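Colleague: I'm new to this one, so could you walk me through it? I'll ask as we go along.

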Amino acid sequence: MPETHVRRRAALRSHLREHAMDALLVVDLRNVRYLTGFTGSNAALLLAGENDEETVFCTDGRYLAQSSRQVPELARLIERPCAAALAKVAAQRRLGRVGFESHRVTVDEYDVLAEQAGKVELARAAGLVEALRVVKDDAEIEALRMACAAADRALADLIEHGGLRAGRTEREVARELETRMLDYGAAGPSFDTIVAAGANSAIPHHRPTDAELAVGDLVKLDFGALVDGYHSDMTRTFVLGAPADWQRELYELVAAAQAAGRAALRPGALVADVDAAARGVVEAAGRGSEFLHGLGHGVGLEIHEAPSLAKTGEGRLAAGMAVTVEPGVYLSGKGGVRIEDTLVVRDGDPELLTLTTKQLVVV
């Protein structure tokens, strides 16, 4: 989709003009992919402020064929290391002011860039590409939709074939869930799959162990699929056997908070207000101190990206943003519940991408 990348680069140029920059040195591979479509492991981009004719894409010799196929419309430099080579190009062209991704470049890497850039002024330009990535285009949303579908289908198969049963270990369940996502088109998991049973479910980011699932356990699964570079993110909590009264009450509380958070997803809404909508439900039940994290986050080429749906989050939602809504309540030493969906902010109701039921499922 080269026309998509052309549009994205054109949009970025308007930001360069606002910041009085002649070019931008892009070194983050996710940002390079967003702007060019290149999926290799080594690349950088010198985005010229005027047009694509002056823009230079750089990779190394391992990616001669791949870069020719994926980035046919840009001038190509085969060199390594790429960022330093492009800084030298900026010096040769006698550019005045070149932005660089200061949030991605180490101090040592900056010293190398400055040496190669010579008299070129290197200006901090943190987050310029990420600011464009916050609102997803149709192609990105379709990739997210496919990633969520792979995760939904994998979970459905896991349950249908008895994958959640007493005696299995957390690690076994995690491995099977990840394998099933691969079967449905995922390139891999979005992140390390969380399977947390019993008291472990009260640990928000528990890592799977050899602990065995047991009848009476809450079992929390937090996982996602990676499709075409885009990440899905979903959490569901189950009960093995008949739920105790406290488990049902806790689940219903988190489900109500999650519904309130989803309902607050509207263009123009302050992200902190979205968090407050869900958190207020939990606080009203006297469990505010057991909701240990923000309500959600943006998701796309990174599993965690802007915006941050949290008490400390800044900014407003816009149509086309892809976010998670994931309240959780955790009773230390006893068990916890988290329910999470990936959604797209729309002018009306948000579009739900993770379609697995949020009714309490007893397995």
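Modeller: Happy to, and keep in mind that this is a predicted model. Let's start inside a helix, with A260, which lies in α9 (residues 245-263).

Colleague: Okay, is A260 buried, partly exposed or exposed?

Modeller: Buried would need a relative accessible area under 20%, and exposed one over 50%. A260 has 23%, so the label for A260 is partly exposed.

Colleague: Which residues does A260 touch, if we skip those up to four places away in sequence?

Modeller: A260 itself belongs to helix α9. Once residues up to four places away are skipped, its contacts are A277, A278 and V281.

Colleague: And how far is A260 from R145 in space?

Modeller: Along the chain, A260 and R145 are 115 residues apart. Between their C-alpha atoms, the separation is 23 Å.

Colleague: What about V274: is it buried or exposed?

Modeller: V274 is found in helix α10, which covers residues 271-284. Its relative accessibility is 0%, and the cut-off for the inside is under 20%. So V274 counts as buried.

Colleague: Which residues is V274 in contact with, leaving aside neighbours within four places in sequence?

Modeller: With 0% relative accessibility, V274 is a buried residue. Leaving those close neighbours aside, it is in contact with G261, A264, L265, A269, L295, L309 and L317.

Colleague: Let's zoom out. How many helices and strands does the protein have?

Modeller: The protein has 363 residues, and 53% of them count as buried. Its secondary structure comes to ten helices and 19 strands.

Colleague: What radius of gyration does the protein have, and why does it agree with a compact globule?

Modeller: The C-alpha atoms fill a box of roughly 70 × 40 × 35 Å along the principal axes. For 363 residues, a compact globule would come out near 21 Å, which agrees with the protein's radius of gyration of 23 Å.

Colleague: What share of the contacts with a separation of 6 or more is between residues 24 or more positions apart?

Modeller: Here we take the contacts in the protein with a separation of 6 or more. Residues 24 or more positions apart account for a share of 66%.

Colleague: And the surface: how much of the exposed area do carbon and sulfur atoms supply?

Modeller: The protein exposes about 15300 Å². Of that area, carbon and sulfur atoms supply 50%.

Colleague: How far apart are the mean positions of the positive and negative charges?

Modeller: There are 41 positive and 53 negative charges in the protein. Their mean positions are separated by 2 Å.

Colleague: Why do C58 and C82 not form a bond?

Modeller: A disulfide needs two cysteine sulfur atoms within 2.5 Å. C58 is buried, at 0% relative accessibility, and its closest cysteine sulfur is in C82, too far for a bond at 3.3 Å. Searching the whole structure, the number of disulfides found is zero.

Colleague: Which elements do the buried residues of α4 pack against?

Modeller: Helix α4 covers residues 82-92, and its buried residues are C82, A84, A85, L86, A87, V89 and A90. They pack against β1 (23-26), β2 (43-48), β3 (56-59), β4 (75-78), β5 (97-100) and α5 (107-117).

Colleague: What follows α4, and what is its phi?

Modeller: Most residues other than glycine have a negative phi, and most peptide bonds are trans. R94 lies in the loop between α4 and β5, and at 77% relative accessibility R94 counts as exposed. R94 is not a glycine, yet its phi is positive, about 55 degrees.

Colleague: Where else is there a positive phi in a residue other than glycine?

Modeller: Look in the loop between α1 (2-18) and β1. The residue there is exposed, with a relative accessible area of 53%. Its phi is near 55 degrees, and its name is A20.

Colleague: Which residues are joined by cis peptide bonds?

Modeller: One cis bond runs from R80 to P81, with omega near 5 degrees, and P81 is in the loop between β4 and α4. Another leads into strand β14 (residues 305-309), the place of P307. There omega is about 5 degrees, and the residues joined are A306 and P307.

Colleague: Last one: how far is D349 from R266 in space?

Modeller: D349 lies in the loop between β18 (341-344) and β19 (351-352), and is exposed at 58% relative accessible area. D349 and R266 are 83 residues apart in sequence, but C-alpha to C-alpha the distance is 7.4 Å.

Key:
Residues numbered from 1 in each chain as written. Predicted model: local features only at pLDDT ≥ 70, side-chain atom pairs only at ≥ 80, totals over all residues. Heavy atoms only, no water. Helix = DSSP H or I, 4+ residues; strand = E, 2+ residues; numbered from the N terminus. Rg over C-alpha atoms; globule rule 2.2 N^0.38 Å. Buried < 20%, exposed > 50% of the residue type's maximum accessible area, 1.4 Å probe, protein only. Contact = heavy atoms within 4.5 Å. Areas by Shrake-Rupley, 256 points an atom, 1.4 Å probe, with all protein chains shown as cover. Lys, Arg positive; Asp, Glu negative; His and termini not counted. Charge placed at Lys NZ, Arg CZ, Asp CG, Glu CD.
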